[in-house]
Amino acid sequence: MKKYNCGLLTLSADPIHIGHYQIIEAAAKDCNELIVAVTNNPSKSHLLQCDIRFELVKKCVKNISNVKVIASNRNLLDIFLEEGCDVIYRGIRNDNDYIYEEQQTNICMDLLNKNINIRAIIPNEKFKYLSSSMIKSIISQGYNLPSFYAPVYVKEILENKICNQ
């Protein structure tokens with residue numbers, strides 16, 4: 001039996017990469033249903049439109065049966081409450097991520113005036129320094145590191161987008 005009924009993982013996934021995929025896989029093993037919400041982060045300048053990122057994430061996780069991917073402009077708490085989730089999953093790469101997520105957790109609990117189950121997931125050591133920004137930079141400089149992409153067609157879409165700017 002899984003620990004949680006319905007989990008939530010939000011990402012901007014611009015683009016999705018192997019670190020994201022590992023976090024999704026781990027979270028999916030911990031709950032009956034995992035909602036992966038592809039969102040627009042107002043503090044980031046997105047290369048790919050939300051509908052493209054949504055489709056890429058859907059393709060990447062199509063073989064994980066208990067994952068439902070949604071695109072949303074709602075904030076994390078609204079998605080959590082409206083989808084009936086009982087746990088939030090967060091990917092943690094480093095100390096800065098941990099501090100940020102701890103602050104976010106405290107704010108969420110204060111706003112809802114209740115405890116929220118929040119689970120931190122650390123990706124494989126090989127990929128824990130990886131970010132979507134780094135992937136975009138690698139591609140724009142003409143390098144190819146296929147082990148970072150999840151899956152390879154993400155690279156092709158990015159190359160087309162970056163080269164046509």
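Contact, on this tour, means heavy atoms within 4.5 Å. Keep that cut-off in mind, since most stops ask what touches what. One more thing before you start clicking: the model is predicted.

**The whole chain**

Start with everything shown as a cartoon. You should find six helices and five strands, and following the chain along its sequence gives the pattern β-α-β-α-β-α-β-α-β-α-α. Colour by burial next: of the 165 residues, 47% count as buried. If you like contact maps, take the contacts between residues at least 6 apart in sequence; 74% of these join residues at least 24 apart.

**The sheet**

Now select the strands. They make an open sheet of five, in the order β3-β2-β1-β4-β5, with parallel pairing. Look at the two ends of that order: β3 (67–72) and β5 are the edge strands with a single partner strand each, so one side of each has no neighbour in the sheet. On average, neighbouring strands are turned by 25° against each other, ignoring direction.

Zoom in on β1 (residues 4–11) and β2 (residues 31–39). Seven bridges join this pair, running in the parallel sense. Two spots to label: Leu-9 has Val-36 of β2 as its bridge partner, and Leu-8 stands opposite Ile-35, also in β2. In a regular strand, side chains alternate between the two faces of the sheet, which is handy when you switch on sticks here.

How many of the eight residues of β1 are buried? Seven are, so β1 is largely enclosed by the rest of the structure.

Add helix α1 (residues 18–28) to the selection. α1 packs on the sheet and touches β1, β2, β3, β4 and β5. Its direction makes about 150° with that of β2.

**From the β1–α1 loop to α2**

Go to Ser-12, in the loop between β1 and α1. Is Ser-12 buried or exposed? It counts as buried, because its relative accessibility is 12%, and the cut-off for buried is under 20%. Select what Ser-12 touches beyond four places in sequence: Val-38, Thr-39, Lys-44, His-46 and Arg-53. The pair with Arg-53 deserves a distance label: 41 residues apart in sequence, yet 7.7 Å from C-alpha to C-alpha.

Arg-53 leads you to helix α2 (residues 50–60), where the buried residues are Cys-50, Arg-53, Phe-54, Leu-56, Val-57 and Cys-60. Turn the view to look down the axis of α2: these buried residues fall within an arc of 165°, so they line one face of the helix.

**Helix α4, end to end**

Select residues 95–112. This is α4, with 18 residues and a reach of 26 Å from first C-alpha to last, close to the 26 Å expected at 1.5 Å a residue. Show Asp-97, Glu-101, Thr-105, Cys-108 and Met-109 as sticks, as these are buried. They span an arc of only 95° around the axis, which puts them on the same side of α4. The spacing has a general background: an α-helix has 3.6 residues a turn, so residues three or four places apart point the same way.

Which residues are exposed on the other side of α4? Rotate and you will meet Asp-95, Asn-96, Asp-110 and Leu-111. Back on the buried side, the cover includes α3 (76–82), β4 (87–91) and β5 (118–121).

Two of those buried residues are acidic stops worth centring on:

- Glu-101 counts as buried because its relative accessibility is 11%. Leaving out neighbours within four places in sequence, it is in contact with Arg-90 and Ile-92.
- Asp-97 counts as buried because its relative accessibility is 17%. Not counting residues up to four places away, it touches Gly-91 and Ile-92.

Keep Ile-92 selected for a moment, as it turns up for Glu-101 and again for Asp-97.

Finish at the ends of α4. At the start, a side-chain oxygen of Asn-94 comes to within 3.0 Å of the backbone nitrogen of Asn-96. At the far end, click on Asn-113, which follows α4 and has a positive phi, near 55°.

Technical notes:
Residues numbered from 1 in each chain as written. Predicted model: local features only at pLDDT ≥ 70, side-chain atom pairs only at ≥ 80, totals over all residues. Heavy atoms only, no water. Helix = DSSP H or I, 4+ residues; strand = E, 2+ residues; numbered from the N terminus. Expected span 1.5 Å × (residues − 1). Buried < 20%, exposed > 50% of the residue type's maximum accessible area, 1.4 Å probe, protein only. Arc of directions from axis to C-beta. Polar contact = N/O pair within 3.5 Å; in protein donor to acceptor, adjacent residues only side chain to side chain. Pairing = 2+ DSSP bridges. Axes fitted to C-alpha atoms, helices over the stretch in contact; angles between N-to-C directions.
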